[in-house]
Each structure stands twice: as structure tokens, then as C-alpha cells.
Amino acid sequence: APEPEESTDTGAASEETAETERYEGNAEDYKAALLIPGSLGDKSFFDASYQAVGLLEEEYGMDVDYVECGTDASKYYPAYVDLCQGGYDLILTVSSNGDDALIQIAEEYPDQKFISLDGELDDIPSNVYIIAPKNNEMSYLAGAVAALKAQELGDKTIGFVGGMDIPGINEFLVGYIEGAQQIMPDIQVQSSYVGSFTDTAKGKENGLLLYNSGISVVFTAAGQSGIGVLDAAVQTGNYVIGVDSDQAEALKDSQPEMANVVITSAIKNIPENALHIVQKAMDGEVNYGKKEYYGLKEGAVGLAENEFYQKLMSEEDRQTISDLKEKVMNGEVELTETMGLSTEELSEIRDKVRP
Amino acid sequence: MKEFINLIFSTDFVYSIFRVMTPLLFASMGAVISDIAGTPNIALEGLMLMAAFSGMYFSYLTQSALIGLVMALLTAVLFAGVLAFFTLYYKTNIILGGIALNSLASGGTVFLLYLAAKDKGTSVSLASKTLPNIHIPIIENIPVLGGIVSGHNILTYVSVLAVAFTYYLLKSTDLGFHIRAVGEKKAAAESVGISTTKIQAVALLLSGVMCGFGGAFMSMGYVSWFSRDMLSSRGWIALAAEAMGRQTALGSAAASFLFGVADAVSNAAAAQGLPSDLVKTIPYVATLAGLTIFSVRLYRKQKEV
Amino acid sequence: MNRERSFNILRTATAMLAAILVAFIIIILISDQPVQSILIFLLQPFSSGRYIGNIAETAIPLIFSGLSMAVLFQAGLFNLGGEGVYFMAGIAGSIAAIWLKLPIFIFPLLCLAVGAGTGILVMLVPGVLRAKFNANEMVTSLMMNNICYGVGCYILNNMMRDPTVSTLVSYKYRSAALLPTIIKGTRVHAGILAAILCAVLVYIFLYKTKWGLQVRATGANSKFAKYSGMSVTKVIILVHVIAGAIAGCGGIVECLGLHKRFEWTALPGYGFDGAMIAMLANNNPLGVIGAAAFVAYLRVGADLVNRFADVPTEMISILQTLIILLISAEKFLHKYKQKWIEKDIYIGEVQNEGVH
Amino acid sequence: MSDYILEMNHIAKIYGNGVVANSDVNFNLKKGEIHALVGENGAGKSTLMKILFGMEQPSRGEIVLRGKKTVFSGSKEAIASGIGMVHQHFMLVESFSVAQNIVLGMEPKKGLFINHEEAVRFTREMGEKYNLPVEPEEITKNLPVGLKQKVEILKALARGAEILILDEPTAVLTPQEIDQLFEELEQLKAQGHTIVFISHKIPEIKQICDRITVMRSGRTIDTYLCDEVTEQQISNAIMGCELNTSIERRKKEYGEANIQVANLFYTDKSGVQVLKNISFCVRKGMIFGIAGVQGNGQVELIDILTRRRAVQNGEVRFYGQDISGTDQKGIRGISFGYIPEDRLEQGVAASVSISENMISNNLENQDFQKCGMLDFKKIDEFVDKNIKGYEIRCAGGSQPTGMLSGGNMQKVVVARECEHHPGILIAEQPTRGVDVGAAYIIHKKLVQLCEQGSSVLLVSADLAEILKLSDVLAVMYEGEIVAFFESTEGLNEEKLGLYMLGIERHTPEQIRKAVNWCE
Ligand SMILES: Nc1ncnc2c1ncn2[C@@H]1O[C@H](COP(=O)(O)OP(=O)(O)OP(=O)(O)O)[C@@H](O)[C@H]1O
Ligand SMILES: Nc1ncnc2c1ncn2[C@@H]1O[C@H](COP(=O)(O)OP(=O)(O)OP(=O)(O)O)[C@@H](O)[C@H]1O
Ligand SMILES: [Mg+2]
Ligand SMILES: [Mg+2]
């Protein structure tokens with residue numbers, strides 16, 4: 001790592017929280033906007049945040065504007081400027097993609113309030129609030145589910161298909177490994193990366209390779225490419241654990257055979273979080289300048305415990321999972337902190353369990 | 001490592017090569033035909049993408065895979081026609097036209113996907129149809145061979161036919177001769193009363209048909225849905241295969257096959273824990289190396305005389 | 001010739017009008033406020049200094065890539081490797097910008113040099129293969145794009161990744177390495193001066209020096225170039241070196257001008273943009289500035305409609321395609337041109353040759 | 001109803017770039033005649049014929065064919081109306097076989113596929129019918145030009161051409177081939193075909209044509225009966241003024257040998273020995289002519305001298321220096337000039353301006369440079385001087401070379417190669433396809449150059465030209481020098497022809513003089 005610059009004082013981080021006040025008008029008149037630093041269709045937090053827009057409009061009757069900025073990071077700042085000049089009471093965002101632009105804009109518009117619905121940031125400006133999801137908690141449970149299913153089927157190896165070899169994805173992998181080891185300490189985890197979040201065909205190839213090598217349960221965190229893994233599971237008669245949204249629920253009408261192989265999904269409740277935090281913002285109760293972790297306990301992350309879960313997991317196994325969940329919520333299990341994990345540390349964790 | 005070797009020599013793996021190379025075969029045949037006619041079509045990627053969308057959408061609407069396939073073909077041919085119209089009639093530079101069409105496809109399909117499925121990522125919420133897999137009666141039961149040759153999607157077999165079609169089209173039909181004549185010496189064809197515009201338009205439309213098949217395979221065979229940018233550079237790779245195959249049907253097919261092998265190997269290597277960033281370059285490194293060796297040998301040969 | 005030039009202006013204007021008309025019809029179908037949307041698209045980019053600044057900053061990388069492609073095309077080389085060069089030069093230049101410690105002026109210049117050097121190395125692969133062994137440069141350059149992407153990602157992931165950020169980005173650049181903003185209230189950075197300087201230099205190179213003449217002669221007729229005593233091998237390599245240096249500069253300029261760290265996780269797309277711009281500009285380096293500004297204008301307009309109206313960004317790609325197709329349609333309105341030209345010439349008076 | 005099979009009245013053609021190629025042309029044909037169309041380069045002959053063949057649309061005027069007003073929107077219709085055209089440049093698909101070229105566009109079929117046997121049979125039949133024998137299965141690329149020309153004519157006839165347009169068919173042919181062509185044309189005429197014949201060579205027009213139409217600057221000057229005009233009159237009508245094309249030669253004075261070729265052998269790719277023991281030398285101040293029927297090794301010899309082929313066996317020295325290790329760039333550095341046979345392929349870069357074409361071989365010249373950049377003031381001076389000196393018809397030095405007519409393009413090449421006063425100049429068919437006026441300018445230039453002390457090696461299929469210019473003359477036959485003349489006095493085309501066809505040859509002692517003579 002490079003040594004830090006001499007003048008580290010950027011003035012961004014501040015201990016004191018900006019004064020917050022209650023919003024006095026009608027909820028319908030509250031003006032909020034969402035900036036999406038990416039493209040919709042990712043089947044992950046961008047799509048989830050877009051659902052939040054619908055939910056907010058539905059629940060509170062407010063009008064939420066959104067801007068989809070695409071993948072070019074240089075476009076985020078100008079979009080922020082336009083929003084800040086648009087007189088919004090609150091600007092929402094998701095993901096860490098736009099962090100640099102967010103810090104800069106928050107300094108330039110100190111009176112504007114910002115909330116990130118799913119982010120990671122350390123030096124938080126005083127007018128920004130960040131919801132940091134505990135991704136490792138839900139993937140921990142996913143790992144446990146996978147291991148239980150593998151145990152049931154007599155397997156000693158489970159699989160993981162990631163979109164790309166990047167930190168956001170590996171966070172899932174680490175939790176997954178630890179969860180699986182909780183059930184079966186000597187379990188092996190075969191991980192593979194598609195190299196793209198959009199190449200569904202290649203996702204299918206990756207899935208087929210894992211299934212054909214004798215693995216029966218695969219956890220996929222690969223955006224659209226993950227659907228290819230689902231297809232591979234259908235084709236080979238195996239199982240998948242989905243990610244980000246309840247995939248079985250989403251597929252059960254249009255692709256019932258796919259829904260049938262999704263044991264469960266590790267989900268984030270971004271829309272519900274949004275509802276909750278916007279209400280708090282209107283009440284003037286948000287701790288701007290802070291980042292707060294939301295996990296199983298807060299109901300921000302979890303497993304999809306739907307009909308397929310009931311069907312595909314035995315009563316007993318489900319009990320094991322809910323006990324584990326209880327333990328995590330009480331802080332009885334120690335999970336590796338994935339933030340700040342270097343590439344080497346990660347490789348070590350990953351390679352140790354590779355068959 | 002041993003496991004890796006076993007994997008590579010498994011029937012599943014060899015079977016997968018055919019699956020991987022199907023869209024490449026179609027597109028590289030499209031590239032061959034249009035290139036020989038002197039109108040290099042670099043919009044293969046875009047045409048396949050549009051066909052993939054159209055096949056998915058119409059098979060969903062009509063619940064008929066056949067109609068989906070037909071519409072995929074029509075869509076690709078229609079846009080190949082747009083390219084032909086602008087480049088042949090209005091003299092837009094064909095490369096520029098190709099680039100424009102690619103960007104149209106990449107944005108346009110997401111736009112339409114959103115209108116159709118209220119989703120900018122995939123069409124899984126639309127129950128579209130797929131084309132059937134074919135089990136070849138007797139061969140199916142032969143060990144190893146049966147597992148490799150039988151049970152592919154119907155379009156995989158069609159892609160082999162497409163190679164034969166392209167080969168015979170160019171070798172022994174009058175249309176093929178006109179295409180070759182126009183590509184090699186336009187004025188010569190013109191002077192015997194052949195309409196060069198018409199021939200080049202037909203060549204572009206034929207490459208559109210090929211892309212139609214390739215696109216339909218992606219969304220109605222390889223997988224059963226459309227997803228944004230699902231071609232992921234396969235059109236460009238087909239173009240490379242065509243150049244490596246020196247604009248011949250058989251050469252390009254061979255190059256597509258090599259590429260399919262390299263791609264399948266890279267998938268297998270990714271699952272073995274090799275660095276995925278580097279592993280995904282295997283097909284490209286293989287193509288580059290292949291082309292280099294090929295060119296060096298050709299160069300040496302030419303130099304000898 | 002003047003008549004031809006004025007016709008071209010007329011044709012371009014008509015083409016744009018036609019494209020806008022078609023776009024308008026499409027927008028009517030999908031938008032609740034079509035008039036407003038189209039006005040935002042067309043006029044809003046000029047409505048404030050900040051937006052004009054957006055156009056300028058968007059144009060900078062486009063100018064570099066357009067120039068790089070124009071040089072290659074002038075030599076008759078169809079290389080589409082700008083994409084890979086941008087990515088790789090961005091990575092290499094970023095390494096310099098993260099780990100070196102230099103005073104304020106020299107630092108960005110050094111980073112540019114590193115980017116340019118990397119660009120040269122990357123471009124030399126297709127260049128040497130073409131010059132020495134006649135390997136098709138379009139294929140090798142397309143392959144290099146993907147290889148650069150993979151290798152670049154590997155370096156980013158294993159050497160440069162900032163573990164405190166949960167996305168795949170590098171450590172922050174040192175602030176002395178960043179390109180300073182040159183117009184207050186916008187993000188227009190010093191890169192624009194470099195881009196324009198580059199365009200002028202390339203123009204002088206192509207049209208005022210003997211090497212430029214050799215490049216163009218090789219592009220026009222390589223047998224002729226050989227016959228005239230030029231070394232085609234040298235020209236091909238020279239052109240790749242220049243194109244690589246320009247694209248490499250473009251890559252790192254974009255990183256140091258608009259970003260605080262390396263944050264491309266996909267190929268940035270400037271390679272194909274460059275090919276498009278070079279062709280729109282007819283491979284003229286000064287024309288590249290105009291073509292890049294025009295494309296940048298379209299993109300900023302698109303961003304604005306996306307932000308202020310209910311037209312999705314993807315819709316804009318349709319519009320862009322239409323405009324580009326129509327503008328580059330040489331024979332658009334051709335019939336009228338012929339009539340117009342004939343009307344102007346009094347047959348029987350004019351000499352046969354040379355007088356237009 | 002007139003007695004003309006074809007009338008073209010008041011034809012005008014303005015090209016898209018504003019060039020007026022035809023401004024008011026009247027042209028007619030009588031059935032069964034051979035009609036010459038002549039005029040200087042760029043007069044609009046090819047354009048007029050392209051209009052007749054439906055490849056270009058006239059801006060004004062009408063075409064009356066067999067008494068009926070006709071409009072052709074494409075060559076397909078013209079072909080259907082019995083018009084055939086052999087273009088100035090070959091219109092053959094080189095990778096196809098002869099038969100494939102002949103049947104292109106009207107292929108016989110068997111089911112879905114082309115019937116190759118039928119195509120071959122048809123080609124043979126046509127060849128026999130019109131007495132133009134060709135080998136149907138030969139690949140066109142491998143044919144000598146004379147045969148290609150035959151294929152072109154056959155192609156037109158096979159499509160039922162009654163009116164046959166030949167645009168400069170003799171420009172690339174040898175005298176023997178021309179004689180044969182004329183025989184064939186006479187036969188076609190006898191069979192009732194009408195032929196339009198375009199050429200810049202006035203004697204051959206006198207020899208074969210019935211009537212002559214002269215064009216100048218896009219207009220018809222007049223139509224003459226061939227028997228009623230002299231060659232000089234035709235030449236004057238073409239140029240619009242009296243032109244004396246005789247060339248003054250000064251006293252001959254030769255210096256040291258600048259080009260020395262000794263025991264040169266060459267075997268080509270297919271293993272044929274195309275050069276056998278060639279030895280000669282060219283001295284300072286001398287025009288050394290090489291005559292021969294095309295395909296007897298001249299091309300390979302020139303390729304070796306201009307460094308496009310390797311020296312396999314033997315020795316080539318320029319200014320006493322062995323050049324086998326140098327490339328094209330290398331010999332350009334030692335005062336060397338070359339006028340290539342095919343101007344479009346090698347001679348010019350069509351999209352680059354005339355000025356830049358004119359200095360392309362001399363970029364290292366410090367006169368044209370200032371501070372590392374090209375000095376356009378000096379270059380423009382140089383170019384303007386040449387445009388005047390060589391009477392190049394153009395709008396100015398900045399015009400792209402591709403817009404020039406062929407003859408003017410040739411002048412650009414000659415100006416470039418001669419104006420740097422090379423010590424060695426190799427001129428290959430320097431006046432091919434060039435009008436009388438331009439040919440005269442080029443001839444004068446070559447003579448002037450050697451008077452100034454250059455060594456000129458002239459290879460030409462035009463015997464009149466070679467006899468007129470050469471100081472000494474060698475004849476090549478089947479890769480050998482079979483005759484060497486120390487002076488061209490008393491030589492004529494017939495005599496030379498005997499050596500060219502291998503009927504006679506000089507003694508080895510006489511041939512050795514080509515070398516010894518230098519000592
Ligand atoms: N396609 C074209 N577009 C524009 N100008 C043209 C075109 N073809 C010919 N010209 C111009 O028209 C004029 C007449 O050309 P044309 O070829 O008819 O002359 P020509 O009499 O055949 O000359 P030559 O004896 O050199 O063959 C020339 O100035 C030429 O440059
Ligand atoms: N589209 C065009 N635009 C401009 N000039 C053209 C065009 N097409 C052809 N020309 C030029 O016009 C000239 C006349 O063309 P054409 O093919 O009729 O005869 P040519 O080969 O030039 O004459 P020559 O008989 O002397 O060889 C050529 O030099 C050609 O380069
Ligand atoms: Mg002519
Ligand atoms: Mg001409």
C-alpha cells in the first residue's frame with residue numbers, strides 16, 4: 001500500500017453530527033431522489049434500490065426521482081450537482097461505486113442530506129449517513145444451508161460461482177465458507193468466477209462444470225450470469241442458493257422448474273431499509289456523519305424462507321439454521337470482518353478449502 | 001492438476017466445446033460471406049443481440065419456438081438490410097455503419113427489454129420457449145461418441161450445416177460466384193451486367209440470416225432467456241476467427257473450433273482456482289498465438305521463393 | 001469545390017434534422033412530455049457553463065482516441081486496439097500516480113509519459129506482428145484488448161486494490177499527480193490543452209513532415225510507397241508507436257483528470273468511439289476535435305434527458321446511431337446534388353478539365 | 001430512318017465532382033464498320049463509351065439505337081441490346097478461370113450448382129466460332145496480357161455483342177499481338193459486327209479503321225473517312241495545332257558504365273528458368289533499349305534491377321557497386337529513377353495530392369525541408385514548374401492525383417522520376433496509353449536526360465518508340481538476349497520482329513558486345 005499523503009486532513013471526517021431537524025410538511029411533499037451509480041438490471045442492489053423507489057411512492061405517496069448513471073464513474077459527479085441544485089430534501093444512493101463523487105459533493109453542498117442505502121465508507125462527511133449491510137451474516141447462513149444440503153446428499157464439496165473476482169463478491173464467499181465450516185469443519189468449497197456479470201451463457205458453463213464435477217449445491221453471486229448457474233442446476237438436477245433478492249419467488253411463475261432448484265436466497269432488504277430510513281429522515285432522527293451496520297438482527301439481511309426452502313430443507317436442518325441465526329444475532333459467532341481484507345488474505349481463505 | 005486433466009478429457013467437456021462454438025460458427029460464416037462480397041460486416045455482435053432478443057420475445061408472445069426462430073431471423077435480416085441500405089445506397093462507411101449498429105443493438109435491446117419485461121437485466125420473468133435438443137437415434141447409444149455428438153440443440157447441428165452451406169455457396173453456385181466477383185473486382189462484375197449493389201445487399205442479408213441463427217441459439221438454445229449484452233463479444237471473436245481462417249468457410253470453422261476449445265479450457269481452469277482474471281484471457285492469448293504462428297509460417301514460406 | 005463544401009454543410013444539417021425528426025417520433029411514443037424532452041436533449045447542453053464544461057470534459061478522451069485511430073487509418077491500418085491501450089495505460093499511469101512522489105508539475109507529466117510508454121508497448125504487439133509477419137492487425141488488436149483487460153484486472157486486483165473500499169478500485173492517486181482544473185466552476189482539466197496540442201501536433205506530423213507524407217502514401221498505396229523508397233515496415237511500426245502513445249496519454253489523462261483513483265472495471269469503450277470519431281472526421285486530426293465535440297454534445301444531451309425527463313438512456317443510443325448513420329451517408333441527397341451541380345455549369349462554355 | 005445503327009446526339013456528362021467530361025458530343029456508327037474514336041487524354045472518350053454501355057448516365061442528350069430512342073439505366077440493358085465493351089483497364093476477376101470469367105453473370109446451371117463442364121464447353125465453342133482460341137480452365141491471373149485481351153473480347157462477343165467497343169485495346173499489346181487482334185477484328189467486321197476502336201496510336205488507326213471521330217475537350221471536332229486524311233492531319237485535329245514530333249539527337253558521347261549486369265539467371269516460383277545468362281551494360285549518356293515480346297523475361301529483369309526480386313545467380317552493379325544486398329529504399333539513395341509499367345499500381349498514390357506525389361521519391365532532399373518539416377514554398381515552386389513543363393492538365397498541385405486522366409497521371413510519374421536528374425533511369429513502357437502530345441513531351445525528356453549524362457534503360461513493347469529513342473538495342477527472347485545492335489540505323493520494325501520471335505539470332509560474339517562494348 002502507498003504511504004499516506006502528508007496532509008491527511010481532508011476535513012471530511014467529523015465527529016460531530018450535523019444538526020438534524022424534523023420535516024414538518026406532508027410526506028407527499030417530501031422531495032427525495034435516488035442516484036444509481038451503475039446500470040439497472042444487475043439483479044442486485046441497483047435493481048433493489050429501484051424497487052425502493054416504488055415502495056416509497058407506494059407507502060408514503062411521495063414522488064421519488066431517480067437517475068441511472070451507468071458504469072462510467074466520471075458521470076456521477078455532474079449528476080449529483082444537478083440533483084443538489086434540484087432542491088431535494090434528501091438524496092439517496094447505493095453501492096460504493098460513487099463514493100469519491102459523494103464525498104466531494106457532500107463537502108460542496110454541506111446543507112444537502114445524503115443517505116447511502118448500501119455502502120461502505122470510512123471518512124464520512126457530516127451530512128452523509130451510510131447503511132452498511134452485514135453481507136457476511138447472510139452468506140454465513142447460506143454456507144450453512146449449502147453444507148447441510150450437501151451432508152444430506154452425501155457430498156463433501158460445495159460450490160461458489162462469482163461474477164468477478166472483486167471484493168464485493170468475495171465478501172459473500174468468505175461468509176459462505178465460514179458458514180459451511182460451522183456445519184462440516186472439513187468441507188471443501190470449489191469457487192469459480194465467470195469474469196462478467198452479464199454473460200449468462202458463460203455463467204451456465206461455469207455452473208455445469210461445477211455440477212459435472214460432482215458438486216450438488218452452488219451459491220451464486222454473479223448478477224445476471226447467476227441465472228446461467230440456475231439453468232445449469234435445472235439441467236443437471238442439482239441445487240442453487242441465490243443472492244440479493246428472493247430468486248425463487250421471482251421465478252416461480254415464469255420459470256417454475258428453475259424456482260424448484262433454488263433452496264433459498266441470501267437477501268438484502270434494501271427496499272425495507274429505505275422505507276425505514278426515509279421515515280427516520282423525515283422525523284429528523286438520522287445520525288448523519290455515521291455509518292451503521294445493519295444485519296440479521298435489524299432484519300436488513302437474511303435468508304428467503306419461502307415454500308421452496310420448506311420443501312427442499314428438512315425440518316431438522318431448518319431448525320439448525322434458525323439456531324445459528326439466533327447465535328449470530330446474539331453475537332455468539334465470530335465472523336471474519338471482510339472489509340479491509342487484502343487480496344492475499346482472501347486467497348488464503350479461499351485456497352485452504354479448495355478441493 | 002490431475003483433476004483438471006480428467007475434466008478436459010471428459011465427454012462433458014468435449015460436448016461443451018460444440019455448445020460454445022455454435023454461435024461462433026454462425027457468426028463467422030456471416031463474416032465470411034459479407035467479407036468476400038467486399039462489404040465486411042462488423043455488426044455481427046449487434047445483429048445477433050437483436051436476434052436473440054427478438055427470438056426470446058416472440059417465442060414468449062406466441063409460445064412457439066418456431067415463430068421465435070423465424071422472428072429472430074427476420075429481425076437480424078431486417079437490420080442487416082438497414083446496414084446494407086445505408087452503406088450501399090447512401091455510401092455510409094461500412095465499418096462506421098457496423099459500429100453504429102452495434103451501439104444501437106446494445107442500447108436498443110435493453111430499452112425493449114425494459115418495455116417488455118420491466119427489467120433491464122434479463123427476461124427470465126417472461127416464459128419464453130427454447131428450441132429442442134436432438135438425440136440422434138443410433139449414435140446416441142455409442143459410448144463416448146454418443147455423449148459428444150448426440151443430444152445437442154438443433155441449432156448446433158444447423159451451424160454445421162451453415163458451414164457446408166457457405167462452403168458450397170461460394171464454391172459452386174452462381175450467387176457465390178457473383179459474390180466473389182463483386183468482392184474481388186467490382187467493376188468486372190458491373191461490366192457484365194451484375195448489379196453489384198444487389199449482390200452486396202444479398203451477401204449482407206445472408207450474413208444477417210447467419211446472425212439470426214446465432215442470436216436465436218443464444219436466447220433459445222444455449223440458455224432460455226435474453227439478458228443484456230448477452231453476446232459478450234462473441235461477434236468480435238467470430239470476426240477474429242474469420243480473419244484467422246483467411247476468409248474461407250472451412251478455415252473459419254476450424255478457427256471457431258480452436259476458439260471453442262480455448263474457451264472451454266478457460267472455463268475449466270477458472271473452476272480450478274487459477275487467477276480468474278488471467279484465465280479468462282486464455283482464448284484470446286490462444287488466438288493471438290495461433291495467428292502469430294500462422295502468419296510467421298506463411299511469411300517464411302513466401303520468403304523462401 | 002466551394003459548392004461541394006456548402007452542399008456538404010447542407011447535407012449534414014438535413015441529416016441531423018431528419019435524425020431528430022425520427023427521434024422526435026420515437027420520443028412521442030414513449031414520453032409524456034416529448035417536446036420538452038427533445039428540447040432538453042438539443043438545447044440544455046448549452047444552457048449553462050457547467051454543461052458546456054461537461055461537453056469539453058467528455059470530449060477529451062474522445063479526442064485522444066479519435067486521433068490515435070485517425071493516424072492508424074491514415075496509414076491504411078485497421079487497428080481497433082484503442083480500448084486495450086486505454087485500460088493498460090490507465091493501470092500503468094495509475095501505478096505511477098499512486099506510488100511516486102514528485103513535485104506538482106512534473107508529476108502528471110511523468111504519469112502521462114508512463115501511460116504513453118505503456119500504450120506504445122501494447123500497440124507494438126499488433127504493430128510488429130503486422131509489419132514483420134503481415135498478421136491481420138484488426139484481429140490481433142481485438143485480442144490484445146481482451147488480454148489487456150484480463151492482465152490489467154489481475155494487476156489491479158493483486159497490486160493496486162484499495163482494501164478499504166468494497167468495490168474493485170485502486171488506492172487514491174497522490175493529489176500532486178492529478179490534472180488541475182483549468183476553468184472554475186467546471187471540471188474541464190488541463191487534459192484538454194494536451195488533447196488540442198496533440199491534435200495540432202498530429203496535424204503537423206501528417207501534413208507537414210516527410211514522415212507524415214510517408215504514412216499517408218503508405219495508406220493510399222503501399223506498393224507505391226515501397227517503390228518510392230519508403231520503408232513500409234518502418235512506417236507501420238512508427239504509426240503504431242504514435243497511435244499507442246496518443247491513446248496511452250488519453251487513458252491516463254482521463255484517469256488523472258476526472259477520477260481520483262483507477263476505477264474502470266470494464267473496458268471503457270473509447271477504442272470504438274475513437275474509430276467512429278476518426279471516420280466522422282475523415283481522419284483529419286483537426287476534424288477529430290470537432291467530431292469529438294459533437295459526439296460529446298450528443299452524450300451530454302443524452303445524460304441530461306435521462307436526468308431531467310422520462311426518456312431512458314438506452315433510447316439515446318438509438319438516436320445517436322441514427323444521427324451517425326445519416327451524417328456519414330455520403331450519398332444522402334445525392335440526386336439533388338447532381339442536379340444542383342449541373343444547373344450551375346453552363347455546358348458548352350466550360351473547359352473540360354480542371355475547372356469546377 | 002437513317003443509315004446509322006447508332007446515333008449519340010448532343011451528349012453531355014458532368015461528373016459528381018463537377019468535372020465536365022463531355023459537353024456536346026455527336027457520334028454515330030454505321031453497321032459493319034470499324035470506327036475510330038480519338039482524342040487527347042481526358043478528352044472524354046471513355047466517358048462517352050461508358051454512357052453508351054449504360055455505366056454512366058448522360059446529363060443531357062439522346063441515344064438512338066437502330067432508329068429507336070433508347071435509355072440505358074445499366075450495363076445489363078446495354079448488353080441485352082447487343083452492345084459489348086472491352087474496357088481500358090481489364091475487367092477480369094483474376095482468381096477465376098477463363099471459362100468462369102466468360103460465363104460470369106450468365107452461368108449455365110445444373111440444379112442449384114454451376115455446370116462447369118458446360119461453361120468450359122461453351123467457352124471452347126465461342127473461341128472456335130470467333131477464332132479467338134483460349135484455354136478455358138486456365139486461371140486468369142496467370143495469363144499474359146494478350147490472352148487477357150482475347151478473353152475480354154470473347155466475353156463481350158459471348159453475350160451477343162453486335163456493337164463492340166474497344167477502349168485502347170492495343171495499349172498493352174505487342175506488335176505481333178496487335179496484328180493478330182486486327183485480323184480478328186477484320187473477321188468480326190466481316191461477320192457483321194460494328195466496332196468502336198479507341199487508340200492513341202495513329203498508324204494503327206489508319207491501318208484498320210473506316211471512319212474516325214476526333215474529340216477534344218469533351219466535344220466532337222469532326223468525323224472523317226479514314227482514307228481521306230493523313231496521319232499528320234489526324235494528329236493536328238487531335239491536338240488542335242500543328243505538332244512536330246520528330247526528336248533531335250545530339251552527338252552521341254558515352255561515359256563509364258553505370259549499370260552492369262553479368263551472367264544473370266533467374267528461376268521463378270514454378271521452377272521455370274525465365275532469365276538465362278543475361279549480361280549487358282548501360283553507359284553514361286546512353287539510351288539502352290530492350291525490345292521483346294512480353295513474357296520473355298523483361299518483367300523479371302526489371303524487377304531484379306528495381307530490387308523487387310532477389311538476385312539469385314549473377315551480378316548486378318550500379319555505379320560499380322553490387323546491389324544484391326540493397327532494397328528499394330537503398331537504391332533510391334544512389335541517384336536512381338524508375339518509371340513503372342503500371343502507374344496505378346505503383347506509380348502514384350491516387351488519394352494523395354499531385355505535389356506530394358511529385359516529391360515522394362526525394363523526401364530526403366534538403367532543398368524541400370526547413371527545420372525538419374517540409375518546405376511547401378519550395379515544393380510548390382518545383383511542382384508548378386513541372387506542371388507547366390510537362391503540360392499537366394490539372395487544377396493545381398493540391399488536387400488529388402486520382403482525379404487526373406491516365407495520360408496526365410503518367411506525366412506526373414515522369415516528371416517525378418526525371419526532375420531529380422537520376423544517374424540511372426529505368427523506363428518501362430513510359431508512354432503506354434498516353435496521347436501523342438504527351439508522348440512527345442516524355443520522349444523529349446528522356447533524350448534530354450541522357451544528354452545530361454544519365455544512363456537510361458528503356459523497355460517498351462512499342463517498337464516505333466524504341467527504334468526512335470534507343471542508342472543501342474538488345475532483343476530478348478525466352479529469357480535470353482538474342483540480338484544486340486550497336487546502332488539502330490537501318491533497323492525497322494519488321495527486321496526487329498524476326499529477332500523478337502526467335503526466328504533469327506545474332507552470333508554469341510555479337511551478343512557479347514553488349515558487355516565488351518563498354519571496355
Ligand atoms: N468517374 C469520374 N468522376 C469524375 N471525373 C471523371 C470520372 N471519370 C472521368 N473523369 C474525368 O472526365 C474527363 C474525361 O475522362 P475520360 O476518361 O472520358 O477521358 P478519355 O478521353 O478516355 O482519356 P484517356 O485518353 O486518358 O483515356 C477527365 O477529365 C477525367 O478526369
Ligand atoms: N469517381 C471519380 N472521381 C474523380 N476522378 C475519377 C473518378 N473515377 C475515375 N476518375 C479519374 O478519371 C480519369 C479517367 O478515367 P478513365 O478510367 O476513363 O481513364 P484513364 O485510365 O484515366 O485514362 P487513360 O486512358 O489515359 O489511361 C482516371 O484517371 C480516373 O482516375
Ligand atoms: Mg479513356
Ligand atoms: Mg481516360
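Mentor: Let's start with a definition: a residue is buried under 20% relative accessible area, exposed over 50%, and partly exposed in between. Keep in mind that this is a predicted model.

Trainee: Got it. How many aromatic pairs are there over all chains?

Mentor: A search of the whole structure turns up 43. One of them is F53(B) with Y57(B), with ring centres 5.8 Å apart and planes at 10°.

Trainee: What makes F53(B) and Y57(B) a pair, and what do we call its geometry?

Mentor: Rings pair if their centres lie within 6.5 Å, and planes under 30 degrees apart count as stacked. The values here are 5.8 Å and 10°, so both tests are met and the pair is stacked.

Trainee: Where do F53(B) and Y57(B) sit along the chain?

Mentor: Both belong to helix 3 of chain B, residues 44-62, and they are 4 residues apart, which is about one turn of the helix.

Trainee: And how do you know whether F53(B) is buried or exposed?

Mentor: Its relative accessibility is 7%, and that is under 20%, so F53(B) counts as buried. Y57(B) comes out at 24%, which falls between 20% and 50%, so Y57(B) is partly exposed.

Trainee: What about W236(B) and F272(C): why is that pair called stacked?

Mentor: Their ring centres are 4.7 Å apart and the planes make an angle of 15°, which is under 30 degrees, so "stacked" fits. W236(B) is in helix 11 of chain B (residues 234-244) and F272(C) is in helix 11 of chain C (residues 270-280), so this pair joins two chains. W236(B) is also buried, with a relative accessible area of 11%.

Trainee: Which residues do ring pairs link into a cluster in chain C?

Mentor: The members are Y86(C), F87(C), Y149(C), F262(C), W264(C) and Y270(C).

Trainee: Next one: what makes you say that the charged end of K113(A) sits over the ring of Y288(A)?

Mentor: The distance to the ring centre is 5.5 Å. The limit is within 6 Å, along with being within 35 degrees of the ring normal. R180(B) does the same kind of thing over the face of F177(B), at 4.8 Å from the ring centre.

Trainee: Let's go to the surface. Which residues make the nonpolar patch of about 570 Å²?

Mentor: L100(C), L102(C), I104(C), F105(C), I106(C) and L110(C) make it.

Trainee: Why can L100(C) be in a patch when it is partly exposed?

Mentor: Patch residues need over 30% relative accessible area, and L100(C) has 33%, so it clears that cut-off. You'll find L100(C) in the loop between helix 4 and helix 5 of chain C.

Trainee: On to charges. How many salt bridges are there over all chains?

Mentor: The count comes to 51. Among them, the side chains of R261(C) and D100(A) meet at 2.9 Å, N to O. That pair crosses between chains, with R261(C) in the loop between helix 10 and helix 11 of chain C, and D100(A) in helix 3 of chain A.

Trainee: What makes R261(C) and D100(A) a salt bridge?

Mentor: The nitrogen must be within 4 Å of the carboxyl oxygen, and 2.9 Å is within that, so the pair qualifies. R261(C) is buried at 7%, and D100(A) is buried at 10%.

Trainee: How far apart are the closest N and O atoms of D351(A) and R354(A)?

Mentor: They are 3.5 Å apart, so this salt bridge also passes the 4 Å limit. D351(A) is partly exposed at 41%, while R354(A) counts as buried at 15%.

Trainee: Finally, how do you know that helix 10 of chain C is largely enclosed?

Mentor: Of its 27 residues, 22 are buried, so the rest of the structure largely encloses it. Helix 10 of chain C reaches 39 Å from its first C-alpha to its last, close to the 39 Å expected at 1.5 Å a residue.

Trainee: And what stands out about phi of R307(D)?

Mentor: Phi is near 65°, a positive value in a residue other than glycine. R307(D) lies in the loop between helix 9 and strand 16 of chain D, and at 10% it counts as buried.

How values were computed. Residues are numbered from 1 along each chain as its sequence is written. Chains are lettered from A and ligands numbered from 1 in the order in which they are written. This is a predicted model: local features need pLDDT of at least 70, side-chain atom pairs count only at pLDDT 80 or more; totals for chains, interfaces and linings use all residues. Side-chain values use heavy atoms; hydrogens and water are left out. Rings of Phe, Tyr and Trp (its six-membered ring) pair if their centres lie within 6.5 Å; planes under 30 degrees apart count as stacked, over 60 as edge-to-face and the rest as tilted. Buried means under 20% relative accessible area, exposed over 50%, partly exposed in between (1.4 Å probe, protein chains only). Patches are made of residues with over 30% relative accessible area and no salt bridge: like charges are joined within 9 Å, nonpolar side chains (Val, Leu, Ile, Met, Phe, Trp, Tyr) within 5 Å. Accessible areas come from the Shrake-Rupley method with a 1.4 Å probe; for residues, only the protein chains shown count as cover. The expected span of a helix is 1.5 Å times one less than its number of residues.
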